[in-house]
Amino acid sequence: MGRVDVRRKYVESVGLGFALRQAFEVGTDAESLRRCHVPLMIEKLARRCSLGEGIAEGRGKLYNFVFRCRVALREMEHDKLETVNHCIRGAAQQAAASGGLRTSLIERFLRTGEETWDGAGSGRFTLAQLNDDEVYTGATKTALRTLFRLLADLLPAEAQEVPQVGLETIRASIGPMVKGLVERDWQEVALRELTARTFVLNFQGAQAAVDAELSTCFMGTAWQILWALFGDYGLKPEEINVECDGVSAGDFAHVRLSAYETKDPYSDVIVHESAHLLHYLKPEHYGLHVRRGQERFVDVEFCHRELFAFECEAYSRVVRHDKRKSRISFAEEMKERAFSFPRDRIEEVAALVLNAARARNGWRVIREATVIPRVRGRAREFPTYP
Ligand SMILES: [Zn+2]
């Protein structure tokens, strides 16, 4: 369910009477904030008011009423963000206090994703700096978990109850791609790994994804996941920037809830993000037999990785159509009908999708356009540098 749908459902379920009371009596405690997913509620209230429903008094009073609703809405949004800021500070303070660390450095990470303490990043460090880095990294991971918990308390209960998108759903989405692109004797392992490593960021999915990411040594992706999730619920301060539909940085792939719910008939962000895993993960790590020159499940040219993911995404949609004819006509309409792809790439993406739809084996067309060519019967030669 999208943010707007949650709100709509909320208004319908609590009824206007309650919504009305709430518009004027909301507090800033966690309980009140959890309940106030309001813009739509107020809009609806205002519309009802202007229709005159339930308001028997004069026009002046009516407008006054609508105005007060709007003010209440703005105040509530403001209070909500105030509370979010309070949560950020609280999480940083708590984590810093236990090790005598600087709150400002941890808070800075929570707000920007930047690690600015001594010894962070790359370079040559002293032992003391390396120790510093370890201590700050540990504390910051704790702070991220605390912040996640605090912000979760502000979500409507129903958002927290939605279960994680199931493994079967993910498996079904990526099945055709894996079959079409991965060598036969690697397919089962690829399917298993991609399924287990792909998360859709509803609340429960994000919780699992943050755990998975924090078990690695990097924190940046966990940070992105946190704000992608709470951003979808209007709980992200504006200055925090996470403008993406998904994140796949190597070990795991994450799909933003709002992207997962898009109505674009050519989009499947689960496929897009797990396609990136195909060119990250190495079959030899899973005990599979690898021939010389092979490195990843699919060795995509570095410069074609994004095109590859878009192709997998859209072509997975094409192959849902049984008949060749309807596949082609569906692909032909992509340029006009697909709306969630970047405008500057749609021509290129749609043209290749159409070529694939026309071919006997469309996956092969995608492969040929994006994968590093291998010399037949001989290992690919790598350039040698002195
Ligand atoms: Zn991508």
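In helix α15, which spans residues 324-332, the buried residues are Arg327, Phe330 and Ala331. Because these residues cover an arc of only 95° around the axis, they lie on the same side of α15. Lys325 and Ser329, on the other side of the helix, are exposed. The cover over the buried residues of α15 includes α14 (305-318), α16 (334-337) and α17 (346-358).

These descriptions refer to a predicted model. Its mean pLDDT is 82, and 78% of the residues of the protein reach 70 or more. Confidence is not uniform along the chain: over residues 1-42 the pLDDT stays under 50, and the model has 60 contacts beyond four places in sequence for that stretch. Over residues 377-386 the pLDDT is likewise below 50, and here the model has five contacts beyond near neighbours in sequence.

Attention may now turn to the interior. In soluble globular proteins, nonpolar side chains tend to be buried together. The largest nonpolar core of this model has 86 residues, of which Ile106, Ala143, Leu147, Leu201, Ile225, Leu226 and Val353 touch the most other members. Helix α11, residues 220-231, gives the most to this core, contributing eight residues.

Val353 leads back to the starting point. When its neighbours within four places in sequence are left aside, Val353 is in contact with Glu311, Ala314, Tyr315, Val318, Ala331 and Met334. One of these partners, Ala331, is among the buried residues of α15.

Ala143 and Leu147, also named among the core residues with the most contacts to other members, are buried residues of α6, together with Tyr136, Ala139, Thr140, Leu144, Phe148 and Leu151. Helix α6 comprises 26 residues, 127-152, and at 1.5 Å a residue it should span 38 Å; its end C-alpha atoms are 38 Å apart, so the expected span and the model agree.

A further buried position is found in helix α13, residues 269-280, which contains His279. His279 counts as buried because it has 22 C-beta neighbours inside 10 Å, the cut-off being 20 or more. Not counting residues up to four places away in sequence, His279 touches Arg296, Val298, Val300, Arg305 and Phe308. Of these contacts, the one with Phe308 joins positions 29 residues apart in sequence, with a C-alpha to C-alpha separation of 9.5 Å in space.

Notes:
Residues are numbered from 1 along each chain as its sequence is written. This is a predicted model: local features need pLDDT of at least 70, side-chain atom pairs count only at pLDDT 80 or more; totals for chains, interfaces and linings use all residues. A residue is buried if 20 or more other C-beta atoms lie within 10 Å of its own, exposed if 12 or fewer, and partly exposed in between; C-beta atoms are placed from the backbone. Helices (H or I, at least four residues) and strands (E, at least two) are DSSP runs, numbered from the N terminus. The arc is that of the directions from the helix axis to the C-beta atoms. Two residues are in contact if their C-beta atoms, placed from the backbone, lie within 7 Å. pLDDT is the predictor's confidence in each residue, from 0 to 100. A nonpolar core is a set of buried Ala, Val, Leu, Ile, Met, Phe, Trp, Tyr and Cys residues joined through C-beta atoms within 7 Å. The expected span of a helix is 1.5 Å times one less than its number of residues.
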